[in-house]
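Trainee: Could we go through this structure together, asking at each step how a term is justified?
Mentor: Yes, let us look at it first.
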Amino acid sequence: MTTRRLTVAQALVEFLAHQYTERDGQRHRLINATWGIFGHGNVAGLGQALLEAGQDTMPYLQGRNEQAMVHAAVGYARQSNRLAAQAVTTSIGPGATNLVTGAALATVNRLPVLLLPGDVFTTRPADPVLQQLEVPYAGDVSVNDALRPVSRYFDRVVRPEALIPAALAAMRVLADPAETGAVTLAMPQDVQAEAFDWPEEFFADRVWRVRRPAPEHAETTAAAQAIRAARRPLVVAGGGVHHSEAEGALKAFADATGIPVASTQAGKGSLRHDHPADIGGIGHTGTAVADDLARTADLIIGVGTRYSDFTTASATLFADPDVRFLNLNITGFDAHKLAATTLVADARAGLEALTAELAGHRVDETYEAEYRTGKARWERLVDAAYAAEDPSARPSQTQVLGALDATVGDDDVVINAAGSLPGDLHKLWRARSPRQYHLEYGYSCMGYEIPGAIGVRLAAPDTPVWALVGDGTYLMMPTEIVTAVQEGININIVLLQNHGYASIGGLSETTGAERFGTAYRFRSADGMYTGDPLPVDLAANAASLGMDVLRAATVAELREALAAARASDRPTCVYVETETGDTVSGAPDAQAWWDVPVAETATRPAAVKAREEYDRHAAGRRRHL
Ligand SMILES: Cc1ncc(C[n+]2csc(CCOP(=O)(O)OP(=O)(O)O)c2C)c(N)n1
Ligand SMILES: [Mg+2]
C-alpha cells in the first residue's frame, strides 16, 4: 500500500481538495475554500497546512469574526444550490464558540458548512491550556461540545487515523440533501500537528452524488387523488424548491393545473412574480390574496417547506374545518408535519411525477378568476407602497424598496435577514429570478446580511448583490466590510437608519411592552431611552472600514446613489435615513397573526389591553390532526 506522510491538518486539507458533488450530470468541487481566523488551536496545525497546500489547492479567505465567516459560507452554499460549500477554521475557546450562532443558522436553514474548530490537547500534558473550559465532572468535555446540538454531524478527531472515517462521514452529511447543515470536525491542536502515514487512496478524487429521490408510486397516486378531490388547493412553496432547482417543474405544475402558489420567505421567487399563479408571500408577512386563500383552502400542498410559525400564522391560518395537507419533502421529518399525506421525494422529481399523474386536471375557472383578482388588487398596494410622488422628500422604507426595484436587474440578488425589512420584502418584493430573493428567515439572524452577501458574490462573481441592512443590524456585525474591501469583493450595502429596532419596537407596542428598550436614544429624565437619537454616523463608520459611501437624503438622491452603486466596481454603501423614523415603514399591515405571548397579568394598561387582543387571536389556534 502506498502511503503519504503528512500531518493530520495537511491530510485533511489535501482530502478536502479532492471532494466533489454531482447532480444532473454536473460536477462541482464540494469544499471550495476555507475561511479562517488563527489563534492557538489552529495556527500551526491547519494554518501551516493551508500555507503548505497553497491557494490553488485550497483557497484561503481571511475573516474578521468567526460567526460572520459561517454566514459567508452559508450565503455561498445557498447561492450554489447546496452543491458547493466552504470550510471555516478557528482557534480554540472563543474562536470556536463564536461558531455556534452561525452553525445554528446553517442547520436551521438546511445549508451545508464545514466547521473546523481547534480543540484542546488530547494528550493533556498541561491542563488547562489557555482558553480551556474545565468541567469538574468530566475530563472529555470542551467548549466545542456546545456545537453538538447545532450540528448535523459532530466528530472529534482524537487520533490521526480517526480522521479517515470522520472526514468521510462529514462529506456524506454535507452532500446529503435530506441531512445537510452544519458539520463539525473538532480538531485537537496536538493531533492537527501529528504526522501519520496515510493510504494514498484517501486523497483520490471522490464524488458524492446529490440524490434526487423519486417518489414511491403509491404516494404519487394518493397525492394526485387528494389534489383531484380538492376544490381549493393551494401550494406553499418553501426553500426546498430552490435547493432542488425545481422552479421550472413548479411552473409546469402551476401552468398545467392552475393551482395558485404562495411562498414562504425561503421559497419566494419559486415562480416569477408576474406568473399568473404567483400570489406572493404567505402567513404573518403574507399578501392578502395568499392569506385569504389559505384560510379557505381545503388542501395545502407544501413543497419543500418546514411550516414555521410565520408560515402558519402560529397555527391559525389554515382555518377551513376540513383542510388537509399534502407535503412533498425530501425529509420524512418535514413531510409528516401537520398530519399530512406524504410525498417523500426531491421537489423537482416529485412535482414532475405529480404533473404527469394529474394530466388533464385543472382547478375551476372561478377559483382561478378569484385569485387573479386578488393578485391584481395586491399589486396595486405594492405600487402604492413603492411610489414616491415627491423626489425631494426623504424616502420611507417601502419607497427605498421601490427605488431598489427600479434599479436592479433580473439577476441581482437582494439579501436580508432581520428587522422590519423581512416583512416588507415578503409582502412587496417582486422577485424576477429564482435566486434574487435571498432572505435568511429560518434563524433571522441580525448580521447575516453583509457576510452573506460576500458568500453570494463569491459563488456568483458577476452578479450584483445588495445587502439590505438596518442600523441595529449594521451595529451587530459590520466587520466583514473589511473582508470585502481586502478581497475586492464588490458587494453593495443599503444601510437604512431609523435609530433603533423599528420591528421590535412595533412588536413591543402590540404586545404591551410599550417599546421598552427598542430605540437607540439618549435616556430622558425618567431614565428611559426616549431622548434624542444618538449622534452616531454609520455612514462615516462604513467609510472608515474602507467602503465607498453614498449618502442619500432624498428619493432623488437615493435613486442616483443606487444606480451609482450598481455601476461601481468597488464595495459601495448607500446610506439613507428613512422618513418614517422608528414607527411605520409604509408597508401594508400584517394580514395574519403571529404568536408572541403577552403578560397574563400586569398593572400597566397597555399590557392588559394587549392580553385581551392576544386571547382573542390565540382562540383561533388549531392543531391539525
Ligand atoms: C442576532 C439577533 N439578535 C436579536 C434579534 C432580535 N431582533 C430581530 S429584529 C431586531 C432589530 C433590528 O433592528 P434594525 O436592523 O435596525 O432593523 P429595524 O427593525 O429598525 O427595521 C432584533 C433585535 C435577532 N433577530 N438577531
Ligand atoms: Mg433600525
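Trainee: Which atom of Gly500 lies 2.8 Å from an oxygen atom of ligand 1?
Mentor: A backbone N or O atom of Gly500 lies at that distance. Please keep in mind that this is a predicted model, in which local features need pLDDT of at least 70, side-chain atom pairs count only at pLDDT 80 or more, and totals for chains, interfaces and linings use all residues. Residues are numbered from 1 along each chain as its sequence is written, chains are lettered from A and ligands numbered from 1 in the order in which they are written, and side-chain values use heavy atoms, with hydrogens and water left out.

Trainee: What makes the approach of Thr473 to ligand 1 a polar contact?
Mentor: A polar contact is a pair of N or O atoms within 3.5 Å. An N or O atom in the side chain of Thr473 is 2.7 Å from an oxygen atom of ligand 1, so the pair meets that limit.

Trainee: Why are Asp471, Asn498 and Gly500 called donors of the magnesium ion (ligand 2)?
Mentor: Donors are N, O and S atoms within 2.8 Å of the metal (3.2 Å for Na, K and Ca), and the site may look incomplete because water is not among the atoms. Asp471 (OD), Asn498 (OD1) and Gly500 (O) coordinate the ion at 2.0 to 2.1 Å, and therefore they qualify.

Trainee: Are Asp471 and Gly500 buried or exposed?
Mentor: Both Asp471 and Gly500 are buried, a term that means under 20% relative accessible area, whereas exposed means over 50% and partly exposed lies in between (1.4 Å probe, protein chains only).

How values were computed: Polar contact = N/O pair within 3.5 Å; in protein donor to acceptor, adjacent residues only side chain to side chain.
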